[in-house]
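Please follow this walk through a protein model with the coordinates open beside the text, going from the way helices pack to the details of individual backbone positions.

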Amino acid sequence: MELIFVHGALVRDGPWWWKRAADLLEQRTGIHSRAVALPSCGEAAPEHVTGGLTADAAALRRELDDMDSAIVVGHSYGGTVIAEAGPHPAVAHLLYVSSYLPEIGQSQAMIMSGESDPVTLSDNADGTFSVAGYDARSFGERFLQDADEDTQREAWERVAAQAAGAFVTPTTAAGWKGVDSTYVVCGQDRSTSVDLQRFHANRATRSVELPTGHHPFLTRPVLIVDQIQAFMQ
């Protein structure tokens, strides 16, 4: 058994985001983690943002092809990548953290269209989008208000442009259907509304609500690892 982490939109360096949870999980259970390098965020080819949702889903499938059994964790946009990747025999469980379980035909932009306070994006006129109107402090206040200043700063350093195709491409599969899953609702999230989280949590096998911001695997990794161990029992 291994764990694959699929990070959210507009950031890079998945191993950094998941490391605190990964280290604790391995210490407790011996399960090794890896993070998918998303082409749409420039992780597959350094300094070269390419592809979109389709390329990201293909990257996840390649990771799954390399293992017999896996827990797949989707954070935020990562859930849409899981959906597009479709069913895979290696997937033993899906864990969603403030994420999405979209029906076929829904794009990330469509999913987010109902947000009451959506994150503003800027069109970079080169086929990519970036978060708009933030600096290290304001980014930390919205996305990582329950993290210390050093973590907020390091997170800001990993904010990245992302291919527009990650947002506008409709899904062609629903890889979450028929798979045992757990949804973690982040009850103090200032990025994804709790109402939208609960809507998608209703599509998972089970859900739990935790008193955290958008990135609990960074700020409260013990709570996330507890959830992983709970469904493994």
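In this predicted model, a natural place to begin is the pair formed by H1 and H6, whose crossing is left-handed. Helix H1 covers residues 14–29 and helix H6 residues 149–156, and their axes come within 10 Å of each other while crossing at roughly 145°. The residues that meet there are Trp16, Trp17 and Arg20 on the H1 side, and Thr151, Glu154 and Ala155 on the H6 side. Sorted by class, this contact of H1 with H6 contains three nonpolar residues, one polar residue and two charged residues.

A second pair of helices is arranged in another way. The axes of helix H2, residues 53–65, and of H3 come within 8 Å and cross at roughly 75°; because angles of 65 to 115 degrees count as roughly perpendicular, H2 and H3 are described as roughly perpendicular to each other. From H2 the contact draws on Leu53, Thr54, Asp56, Ala57, Leu60 and Arg61, while H3 supplies Thr80, Val81, Ile82, Glu84 and Ala85. By class, the contact of H2 with H3 has six nonpolar, two polar and three charged residues.

Just ahead of H3 in the chain there is a backbone feature to inspect. Ser76 sits in the loop that joins strand S3 (70–75) to helix H3 (78–85), and the phi angle of Ser76 is near 55°, which is a positive value in a residue other than glycine. Is Ser76 buried or exposed? With a relative accessible area of 10%, Ser76 is buried, because that value falls under the 20% limit.

Ala125 also has a positive phi, of about 60°, although Ala125 is not a glycine. Its place is the loop between strand S5 (121–123) and strand S6 (128–131). The relative accessible area of Ala125 is 75%, and because this is over 50%, Ala125 counts as exposed.

The last element to consider is helix H10, which runs over residues 221–232. How far apart should its ends be, and what does the model give? At 1.5 Å a residue, the 12 residues of H10 should span 16 Å, and the C-alpha atoms at the two ends are 17 Å apart, so the model agrees with the expected span. Within H10, the buried residues are Pro221, Leu223, Ile224, Val225, Gln227, Ile228 and Phe231. When viewing that list, it helps to recall that an α-helix has 3.6 residues a turn, so residues three or four places apart point the same way.

Methods:
Residues numbered from 1 in each chain as written. Predicted model: local features only at pLDDT ≥ 70, side-chain atom pairs only at ≥ 80, totals over all residues. Heavy atoms only, no water. Helix = DSSP H or I, 4+ residues; strand = E, 2+ residues; numbered from the N terminus. Buried < 20%, exposed > 50% of the residue type's maximum accessible area, 1.4 Å probe, protein only. Expected span 1.5 Å × (residues − 1). Axes fitted to C-alpha atoms, helices over the stretch in contact; angles between N-to-C directions. Parallel < 35°, antiparallel > 145°, perpendicular 65-115°, else oblique. Contact = heavy atoms within 4.5 Å. Nonpolar A, V, L, I, M, F, W, Y, C, P; charged D, E, K, R; others polar. Left-handed = near helix turned anticlockwise from the far one by under 90°.
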